Every structure is written in C-alpha cells, then in structure tokens.
Amino acid sequence: MKVLLVVQHRFPLWSVPDWVLERLRQDFPGLEFIYLQNYDAVERHIADAEVAITWSLRPEQFAAARRLRWVHSPAAAIHLFMFPEFIASDVQLTNARDVHAPVVAEHVMAQVFALAKRLPACVRFQQQHVWGQTRLWEELPRPSEIMGATLGLVGLGSIGREVVKRAVPLGMRVVAVREHPEKPAENVSAVFGPAELPRLLAESDYVVLAAPVTPATENLINAETLRHMKPNAYLINVGRGPLVDSIALADALRRRQIAGAALDVFVKEPLASDSPLWDLDNLLITPHSAGITEKLWQRHYALIHENFRRYLAGEELLALVDKSRGY
C-alpha cells in the first residue's frame, strides 16, 4: 500500500520532520511511504496512492488519484478539500482538530487575560518608558476581572470544548452558538442555534470564534453583527480569517464601537506589512501562532499512528470529517 506525504510549508514547524517519516517506516514496515519535498510531482505519485497526508488537494490531483481511499490533513481547517468531486466521493477525510484544540484553547485564554488586563497597552507604556497606571484607569476600557464575565463561543467543536474546560474553572459563564443546539454541551450555560447569534453577541464580554469555514460562516462577523456586541466587549478569532469581515471590524475598532479584538488568523497570510490592521491600538495581532508548540509533531504522530493501526484493522478512524457538512 502506497502512502503519499506532501506536508511542506514556508513555516518550518508546519513541515513534517524527518523523524516522523522514519518512525512511520519502522512502525509500519509493510507500507510504502513517499515523501515529496514540493508539489511538482503530486499528480504522478497520487495516481496509485491509497492514503495521502497533505494540507490540500486540488480537483485535478484528485482526478488522477485512482486508488485513493483516505486523506489526512495535519490542519484543523479542511476547506481546501471542499470541492464537489471530493465531497461526493467515498474517500475518507480526517483532520488534526484534536491535535490543535488544547493548544489553541490555551492561546484563547491567554488572549482573554491580555485583553482583560490591558497588557498590550502596558507593553506600549514600557516601550515608551511611561508609568501608565493613571492612564490605564482613566482610559476606556479599564482593566477588568474575568471572573463572572460571559464568554460567547461561536462553535463547539474540539477547540470550543477545550476553551470551556479552561474558562469555567476561572469563574466565567460560557454560552455558545452551534449548528445543532440540541446536542449536549457540558458546563455551557446556554446553547443557541445559528439564528440566535445576535443574542450571543449581545450577552458576551468575550466573543471567541472557533467555527469552521463554510458558506454559512464566511463573514459571519460583519458590520451588522458587530452592532450587536457590547461597547466594552472583545472579539477573539482563532478559527479562520474568512469568518470576519476585516474592513468592518477595523471600522468598528477605530470608532470604539467595541472595546477591542485579538486576531490570530487572517484571510491572506502573512498579513501584509501595509495592512491598516497593524496600526489599530485596540487590536492584538498574533501571527497564526495559536497552535504552535514544541510538542506539535509528537501530538500529530500519536494520531496518525493510531489511525494507521485502525485503517489496517478495518476500524473507524479518529477525527473523521463529515464532508457534507464541511467539518
């Protein structure tokens, strides 16, 4: 059985390290693993591959894949696979949502603390050699407590559930919007359907976007929905850039319509150096670093290894994606 790995990225951590390939060959000696350093020969090698581990798949590559039965994405987002031919096929798709979720949830809580305690402003004061205690108190929004605050989750998937595990013990009230609000949600005070997003926005002190990108969620946060947020509320996006209309958000931040925002993801990455977002003093920008951890590939390998064991044994794979729903 041939397994094709195409996991190359300009950011070194996102590229598969050599030890992963060596371990796979040791642990599964009956499989043929082909690792491509670039995408030039994908169509030739995918023609007879049964399994592919890759960030993305184009329609013409899929058309050439005569034996493909399983694709694994090392990312949580899988919108780059969502073209009609692949969705309609019987090829299984798995992703790394459970690999990234705990680490991203930690990043969310770090952003909540940073915004509540106005740490970006303190860093600016330090850089300017300014003792900013009075300014921190007199300027709005003032530093605040997170105990008793309401955190609104848009999305209750792997990341959302991990955020709940961290927010509730800190005394936060958690409410959420999900596609199927009837499903049980442990430690969540209220779960709303998508049509009730305005209600969640109006109740929340921190709105956390952790939803997948689908036609229904693109530009979910826009000029209209931003109007439902409290003037002292914050928006945090660790999902994907297309969830937010960045022009509308920038306008709302400039006008102090909301207190501030923290963005880890953007429609186009890297964020251009001339983007007006850089200059907004109430916006905390992190460079798509929410999932960065020294243990990343150990976590990846544990999932990939278990799923190869299951695949060869004919068992159900972990982290299966429902292609018809896009997550």
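**A walk through the loops, helix contacts and hollows**

Pro141 sits in the loop between helix H7 (133-138) and strand S6 (150-154). This is a predicted model, and that loop is a good place to enter it. The peptide bond running from Leu140 to Pro141 is cis, and its omega is near 0°. Most peptide bonds are trans, and most residues other than glycine have a negative phi.

A cis bond also links Glu269 to Pro270, again with omega about 0°. Pro270 belongs to the loop between S11 and S12. Strand S11 covers 260-263, and strand S12 covers 283-285. Now look at His129. This residue is not glycine, yet its phi is positive, near 60°. His129 lies in the loop between H6 and H7.

Next, follow helix H5, residues 97-116, to its contact with helix H8, residues 158-167. The two axes are 8 Å apart and make an angle of about 45°. That angle is why H5 counts as oblique to H8. The crossing of H5 and H8 is right-handed. On the H5 side, the contact uses Arg97, Asp98, Ala101, Pro102, Val104, Ala105, Glu106, Val108 and Met109. On the H8 side, the partners are Ser158, Ile159, Glu162, Val163, Arg166 and Ala167. Sorted by class, this contact holds nine nonpolar, one polar and five charged residues.

H5 has another contact to inspect, with helix H12, residues 296-313. Here the axes come within 9 Å and cross at roughly 145°. H5 passes H12 in a right-handed crossing. H5 brings Asp98, Val99, His100, Pro102 and Val103 to this contact. H12 answers with Leu296, Arg299, His300 and Leu303. By class, the contact of H5 with H12 has five nonpolar, two polar and two charged residues. Asp98 and Pro102 of H5 meet H12, and they also appear in the contact with H8.

Now turn to the empty space. Rolling a probe the size of a water molecule over the atoms shows where such space is left. Start with the second largest pocket, whose volume is about 330 Å³. Its lining has 21 residues, and Arg118, Ala121, Arg124, Asp281 and Asn282 lie nearest its centre. Which elements give two or more residues to this lining? They are H5, helix H6 (119-127), S11 and S12. H6 supplies the largest share, four residues. The lining divides into 12 nonpolar, three polar and six charged residues. H5 therefore has a part in this pocket as well as in the contacts with H8 and H12.

The last stop is a cavity. A search of the whole structure finds one of 30 Å³ or more. The volume of the largest cavity is about 40 Å³. Leu4, Val6, Tyr39, Val42, Ile46, Ala52, Thr54, Ser56, Leu57 and Gln61 line it. Which elements supply at least two residues each to this lining? Strand S1 (2-6), helix H2 (42-46) and strand S3 (51-54) do. What is the class make-up of the lining of the largest cavity? Seven residues are nonpolar, three are polar and none is charged. The lining of the second largest pocket, by contrast, includes six charged residues.

Conventions. Residues numbered from 1 in each chain as written. Predicted model: local features only at pLDDT ≥ 70, side-chain atom pairs only at ≥ 80, totals over all residues. Heavy atoms only, no water. 1 Å grid on protein atoms, 1.4 Å probe; cavity = no way out; pocket = protein on both sides within 12 Å on 5 of 7 lines; lining within 4 Å. Points joined across faces, edges and corners; volume = space filled by probe spheres on them. Nonpolar A, V, L, I, M, F, W, Y, C, P; charged D, E, K, R; others polar. Axes fitted to C-alpha atoms, helices over the stretch in contact; angles between N-to-C directions. Parallel < 35°, antiparallel > 145°, perpendicular 65-115°, else oblique. Left-handed = near helix turned anticlockwise from the far one by under 90°. Contact = heavy atoms within 4.5 Å.
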